[in-house]
Amino acid sequence: MDIKLDSDGDIEIANNDVSLIDGADSIRQHLDIRLNAFLGEWLFDTRVGAPWIRDILVKRPDYKIIGDILKTKIIETPGVTGILEFYFENQDRMVTLNFTANTDEGLISDFTTFVDL
């Protein structure tokens, strides 16, 4: 069980209480946090996040390396058991990532995120 975040990344409050999520929704939220965080951004664990600036949003990106990095971040997410589909595009310092993953809670499909610098 996790604290639910709203679309702005703030803690969601309903009826004067913190909202909670679990199951596939919790895994989806964890993926979103993990993939949108910059490596080293979180003070308490600088290993969290993806190396967006160092390896991904660069002048001459190596798409094989980027794909491997993002797939590893997905697979390392607790509850994810595999990736069925994976697509990403890096264009004009904007990365679009879409994938479908198997999880302990069932299928997470059409997961899409954008990182824009």
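# A guided tour, starting at S26

Select S26 to begin: its relative accessibility is 10%, so this residue counts as buried. Keep in mind as you go that the model on your screen is predicted. S26 sits in helix α1. Which residues does S26 touch, once neighbours within four places in sequence are set aside? Show D2 and I21, and you have its contacts.

**Stop 1: the core**

Next, select L31, L35, W52, I56, L70 and F99. The largest nonpolar core has 20 residues, and these six touch the most other members. Which elements each supply at least two residues of this core? Colour the helices α1 (23–36), α2 (52–56) and α3, then the strands β5 (80–91), β6 (94–103) and β7 (106–116), and you will have them on screen. There is a general pattern to remember here: in soluble globular proteins, nonpolar side chains tend to be buried together.

Now stay with F99 and show what surrounds this residue. Leaving out residues up to four places away in sequence, F99 touches L31, L35, I74, E85, F86, I108, S109, D110 and F111. Two of the names in that list, L31 and L35, you have just selected as core residues. Keep F111 in mind for the next stop.

**Stop 2: the aromatic rings**

How many aromatic pairs does the structure hold? There are four. Begin with W42 and F44: their ring centres are 5.8 Å apart and their planes stand at 75 degrees, so this pair is edge-to-face. W42 has 47% relative accessibility, so it counts as partly exposed. F44, at 69%, counts as exposed.

Go back to F99 and add F111. This aromatic pair is stacked, with 4.7 Å from centre to centre and 25 degrees between the planes. F99 belongs to strand β6 and F111 to strand β7, twelve residues apart, and the pair links distant parts of the chain. Are these two residues buried or exposed? Both F99 and F111 are buried.

To finish this stop, select Y63, F86 and F88. Ring pairs link these three residues into a cluster. You have met F86 already, as one of the contacts of F99.

**Stop 3: the salt bridges**

Time to look at charged side chains. Side chains of opposite charge can pair when their charged atoms come close. The count for this structure is four salt bridges, and you can visit some of them here.

- Select K4 and E12. They form a salt bridge whose closest N and O atoms are 3.6 Å apart. K4 counts as partly exposed because its relative accessibility is 29%, and E12 is partly exposed too, with a relative accessible area of 24%.
- Select R54 and D55. In this salt bridge the closest N and O atoms are 2.8 Å apart. R54 has a relative accessible area of 57%, so it is exposed, whereas D55, with 25%, is partly exposed.
- Select K64 and D68. Their side chains meet in a salt bridge with 2.8 Å from N to O. Where do K64 and D68 lie? Both are in helix α3 (residues 63–75), four residues apart, which is about one turn of the helix. K64 counts as exposed at 57% relative accessibility, while D68 counts as partly exposed at 35%.

**Stop 4: the loop with N15 and N16**

Zoom to the loop between β2 and β3 (17–18), where you will find N15. N16 has its place in this loop as well. What is the sign of phi at N15? The value is positive, near 55 degrees, in a residue other than glycine. N16 also has a positive phi, near 60 degrees, and is likewise a residue other than glycine. Why does N15 count as exposed? Its relative accessibility is 79%, and exposed means over 50%. N16 is exposed too, with a relative accessible area of 80%.

**Stop 5: a nonpolar patch on the surface**

For the last stop, show the surface and select M1, I3, I11, I13, V18 and L20. Together they make a nonpolar surface patch of about 600 Å². Pick out I11, which is found in the loop between β1 (2–3) and β2 (13–14). I11 has 46% relative accessibility, so it counts as partly exposed.

Note on methods
Residues are numbered from 1 along each chain as its sequence is written. This is a predicted model: local features need pLDDT of at least 70, side-chain atom pairs count only at pLDDT 80 or more; totals for chains, interfaces and linings use all residues. Side-chain values use heavy atoms; hydrogens and water are left out. Patches are made of residues with over 30% relative accessible area and no salt bridge: like charges are joined within 9 Å, nonpolar side chains (Val, Leu, Ile, Met, Phe, Trp, Tyr) within 5 Å. Accessible areas come from the Shrake-Rupley method with a 1.4 Å probe; for residues, only the protein chains shown count as cover. Buried means under 20% relative accessible area, exposed over 50%, partly exposed in between (1.4 Å probe, protein chains only). A nonpolar core is a set of buried Ala, Val, Leu, Ile, Met, Phe, Trp, Tyr and Cys residues joined through side-chain atoms within 4.5 Å. Contact means heavy atoms within 4.5 Å. Rings of Phe, Tyr and Trp (its six-membered ring) pair if their centres lie within 6.5 Å; planes under 30 degrees apart count as stacked, over 60 as edge-to-face and the rest as tilted.
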